[in-house]
Amino acid sequence: MKKSNVVQPYDLESINIKNWVTKSNILIESTYKLSLQEQRILLIMASKVQPNDETLKTYRFRAKDFIEIVGNKKGTGFYSYLKEIVNGLQTKILTIKEKGRQRNYNWVITSIYEENEGYITLQFHPSLKYLFLELKEKFTSYQLENVVRLNSVYSIRIYELLKQYERLRKRELTLEELRHFLAIEPTKYKQYGHFKSKVLAVAQKEINNKTDIYFEFVEIKTGRKVTSIEFIITSSSKETKFKSTQSSLDLLDNDKENGLYHDLMSLGVKPEKIEWVLSEFTKEQVKRNVKYTQGRLVIGDITHPHSYVIKAIQKDYAKVSQESKVSTPKKSTRKELVPDFMIEAEDKEKALENLTLKEKQELFYKENGNQIEFEKRLLQFQELRKMLVLNSEEPNQEELKKAQEAAVQEVLRNMNEDLRKREEIGLKPRLINDFENKELREIYRTFLHKQV
């Protein structure tokens, strides 16, 4: 019997818009330029990839199923258009930058349009496996229905960039970064007004009306020029809020933990350090030491909160401090319960007694940094005090006014402490014009007038 050379067709795949798309964050933040229909086809393919797959499989779909999902036209004209898209996918390039190296990949290794049968056969390039499979961290998931019917290529990309940060509720991108992610040519939308109306406004309307997230954006200016965009992200439904993003940035399980992430960020801790802390220590230990650090920052006992809070979490200063208050040990063992920062403070005070005036001044500059660093700390103190006063997520005008007044008083207290230290070591007061920040300059002006 003659052996058949006919290759058996792959099983037909159905298209379910409820399927989940899971991508590495590397892919989300990569650069590529695709048409709207090309993006939709690749997203449908991505929704068929299962976490337990060992390889990127070949999928075979009915052309009419694609058209029902992604097309806005019917008839032979659109079938021909779909054929052109499928046959051209092998020429599309994905650019990945990692560890200082740039690599270019083809999106698909197989793209076949069977005209007579009306079938499409597609397979991602095997080199892309690490961007879709065996993802244990730094990935983002969302349901296909949120993107497959968006009508702007920019809306799809912005959705993914925001979905990645959904649990953090905010994401700031410079215009340069945003244009890079969206693969917008330098000559296109050069005026910010055009970029805003053609890209941001369109994406906002589509994403807010058709997806599981909602966003507003704030324009950040350098001088008079808009240089960055801060996106404020809100989950639109409880279901997707529970299931959605599972990236390394989403190590948090609920809004309370998300508050921890925000608190650590406000203390100046870098995102990668926050990820390590939240994975290494219990939520309770992190929470109590963040609160402990915030308290010490408010009373002015620490000047480098970003490094102090990490040390506090590692050595659990909050627990040690609490134990020292409630216990009544013998004098011989009491020193064991004294936190490191107390010992360091005592040693420092003794050391200062033996320094010359010049050495004290040099130490002051070393610890307090330059004017810019001083202003940065004041703004941190101001924001932290405001956060500590505000108890509700949606404060009224009276609560906001109270928090603002408390924040100003916190800045004044730190200015007074700075002046006292400078006077002790023979340094002149800071000048009003030394302050770059307009608000701090006015607060300092009021402060000096009161001193007089």
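Helix α19 passes helix α20 in a right-handed crossing. Keep in mind that this is a predicted model. Helix α19 covers residues 397-424 and α20 covers residues 438-451. Their axes are 10 Å apart and the packing angle is about 60°, so the two helices are oblique to each other. On the α19 side, the residues in this contact are Q404, V408, V411, L412, M415, N416 and L419. They meet E439, L440, I443, Y444, F447 and Q451 on α20. Sorted by class, the contact has 9 nonpolar, 3 polar and 1 charged residues.

I will use the usual description for the other helix pairs too. Two packed helices are described by the angle between their axes and the distance between those axes.

The next pair is α6, residues 153-163, with α8, residues 192-210. Here the axes are 9 Å apart and the angle is about 70°. Angles from 65 to 115 degrees count as roughly perpendicular, and α6 and α8 are therefore roughly perpendicular to each other. From α6, the contact takes Y154, S155, I158 and Y159. From α8, it takes V199, L200, V202, A203, E206 and I207. By class, that gives 8 nonpolar, 1 polar and 1 charged residues.

The third pair is α11, residues 271-280, and α13, residues 305-315. What is the crossing angle of their axes? It is roughly 10°, and the axes come within 11 Å. That makes α11 roughly parallel to α13. The crossing of α11 past α13 is left-handed. K273, W276 and V277 of α11 meet I310, I313 and Q314 of α13. The residues of this contact divide into 4 nonpolar, 1 polar and 1 charged.

Staying with α13, its buried residues are P305, Y308, V309, I310, A312 and I313. I310 and I313 were also named in the contact with α11. Just after α13 comes D316, with a positive phi of about 55°. D316 is not a glycine. It sits in the loop between α13 and α14, the latter being residues 317-326. Is D316 buried or exposed? The relative accessibility of D316 is 10%, so D316 counts as buried.

There is another residue of this kind. Y189 has a phi near 50°, a positive value in a residue other than glycine. Y189 lies in the loop between α7, residues 175-181, and α8.

Now the loop that follows α6. Q164 lies between α6 and β9, which is residues 170-174. Q164 counts as buried because its relative accessibility is 2%. Q164 and E29 are 135 residues apart along the chain, and their C-alpha atoms are separated by 9.7 Å.

Next, strand β1, residues 20-24, which holds V21. With a relative accessibility of 0%, V21 counts as buried. Which residues does V21 contact, leaving aside neighbours within four places in sequence? They are L43, A46, S47, T140, S141, Y142 and L144. The C-alpha atoms of V21 and V49 are 7.8 Å apart, with their positions 28 residues apart along the chain.

That brings me to the core. The largest nonpolar core has 108 residues, and W107, F124 and F231 touch the most other members. Helix α2, residues 36-48, gives the most to this core, with 7 residues. For F231, I can list what it touches, not counting residues up to four places away in sequence. The list is L162, R169, K170, R171, L173, L178, L200, F215, E216 and F217. One of these, L200, also appeared on the α8 side of the contact with α6.

Last, the chain as a whole. It has 452 residues, of which 43% count as buried. The secondary structure comes to 20 helices and 11 strands. How much of the contact total comes from residues 24 or more positions apart? Such pairs account for 67% of the contacts in the chain with a separation of 6 or more.

To recap the three helix pairs: α19 and α20 are oblique, α6 and α8 are roughly perpendicular, and α11 and α13 are roughly parallel.

Conventions. Residues are numbered from 1 along each chain as its sequence is written. This is a predicted model: local features need pLDDT of at least 70, side-chain atom pairs count only at pLDDT 80 or more; totals for chains, interfaces and linings use all residues. Side-chain values use heavy atoms; hydrogens and water are left out. Axes are lines fitted to C-alpha atoms, for helices over the stretch in contact, and angles run from 0 to 180 degrees between N-to-C directions. Helices (H or I, at least four residues) and strands (E, at least two) are DSSP runs, numbered from the N terminus. Angles under 35 degrees count as roughly parallel, over 145 as roughly antiparallel, 65 to 115 as roughly perpendicular and the rest as oblique. A crossing is left-handed if the near helix is turned anticlockwise from the far one by less than a right angle, and right-handed if clockwise. Contact means heavy atoms within 4.5 Å. Ala, Val, Leu, Ile, Met, Phe, Trp, Tyr, Cys and Pro count as nonpolar, Asp, Glu, Lys and Arg as charged, and the others, Gly among them, as polar. A nonpolar core is a set of buried Ala, Val, Leu, Ile, Met, Phe, Trp, Tyr and Cys residues joined through side-chain atoms within 4.5 Å. Buried means under 20% relative accessible area, exposed over 50%, partly exposed in between (1.4 Å probe, protein chains only).
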